[in-house]
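Me: I would like to go through this structure with you and ask, at each step, why a word is used. Please set each value against its definition.

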Amino acid sequence: MPPKTIKIGTQYRDFSCIRESVNEEKRTVELSFSSEEAVDRFFGIEILDHSPASVRMTRLNTGGPLLLDHISREQIGVIEKAEIGNDRKGRAAVRFSKGSRAQEIFQDVTDGIRKYVSVGYRIH
């Protein structure tokens, strides 16, 4: 019997921000956005493959947007650099805008009030 194909939309994973990675002067934060850690989903256990052939990094590395709550109208910054490390974890350096809403969110990150980042992804 062939494997079953399930069509799913955008998926999300949460990761914690490390306050020590915040650079207040440059308005940047270095963060982890993905891993190969197993996650329980409605269809079973999901493990994301982080091999170079399995991850599309172009959008992230061409000025991908830093969004508030996954809302495209709420861009609060830009992804300056993203990569998959030798440890097979996705990491990014993001820079917050100087706009008033982005300043408010960046201050919450700096103060440790907003401690998590969420990434949306599609499985192709």
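Me: Which residues does Ser21 touch, not counting residues up to four places away in sequence?

Reply: With those neighbours left out, Ser21 touches Thr28, Val29 and Glu30, where contact means heavy atoms within 4.5 Å. This is a predicted model, in which local features need pLDDT of at least 70 and side-chain atom pairs count only at pLDDT 80 or more, while totals for chains, interfaces and linings use all residues. Residues are numbered from 1 along each chain as its sequence is written, and side-chain values use heavy atoms, with hydrogens and water left out.

Me: Why is Ser21 called buried?

Reply: Ser21 has a relative accessible area of 18%, and buried means under 20% (exposed is over 50%, partly exposed in between, with a 1.4 Å probe and protein chains only), so Ser21 counts as buried. Ser21 lies in the loop between β1 (11–16) and β2 (22–23); strands here are DSSP runs of E with at least two residues, and helices are runs of H or I with at least four, numbered from the N terminus.

Me: How far from a polar atom of the side chain of Ser21 does the backbone oxygen of Glu30 lie?

Reply: The distance is 2.7 Å.

Me: What makes Asp69 exposed and Arg88 partly exposed?

Reply: Asp69 has a relative accessibility of 53%, so it counts as exposed, whereas Arg88, at 33%, falls in between and therefore counts as partly exposed. Asp69 is found in the loop between β6 and β7, and Arg88 in the loop between β7 and β8. Neither is a glycine, yet phi is positive in Asp69, at about 55°, and in Arg88, near 65°.

Me: How do you know that β6 and β7 pair, and that β7 and β8 do?

Reply: Two strands pair if DSSP finds at least two bridges between them. β6 and β7 have four bridges, in the antiparallel sense, and seven bridges join β7 to β8, which also run antiparallel, so both count as pairs. Leu68 stands opposite Ile71 in β7, Ile84 stands opposite Gly90 in β8, and the bridge partner of Gly77 in β8 is Phe96. The hairpin of β6 and β7 has two residues between the strands, and that of β7 and β8 has five.

Me: Why are β2 and β6 called edge strands?

Reply: Five strands form an open, antiparallel sheet in the order β2-β3-β8-β7-β6. Within this sheet, β2 and β6 each pair on one side only, and these are the edge strands.

Me: What makes up the largest nonpolar core?

Reply: A nonpolar core is a set of buried Ala, Val, Leu, Ile, Met, Phe, Trp, Tyr and Cys residues joined through side-chain atoms within 4.5 Å, and the largest one here has 19 residues. Val29, Leu31, Ile76, Ala92, Val94 and Phe96 have the most contacts inside this core. The elements that give two or more residues to this core are β3 (28–34), β6 (65–68), β7 (71–84), β8 (90–96) and α1 (100–110), and the largest share, four residues, comes from α1.

Me: Which residues is Val29 in contact with, leaving aside its neighbours within four places in sequence?

Reply: Apart from those neighbours, Val29 is in contact with Ser21, Val22, Ala92, Ala93, Val94, Phe96, Phe106 and Val109.

Key:
Polar contact = N/O pair within 3.5 Å; in protein donor to acceptor, adjacent residues only side chain to side chain.
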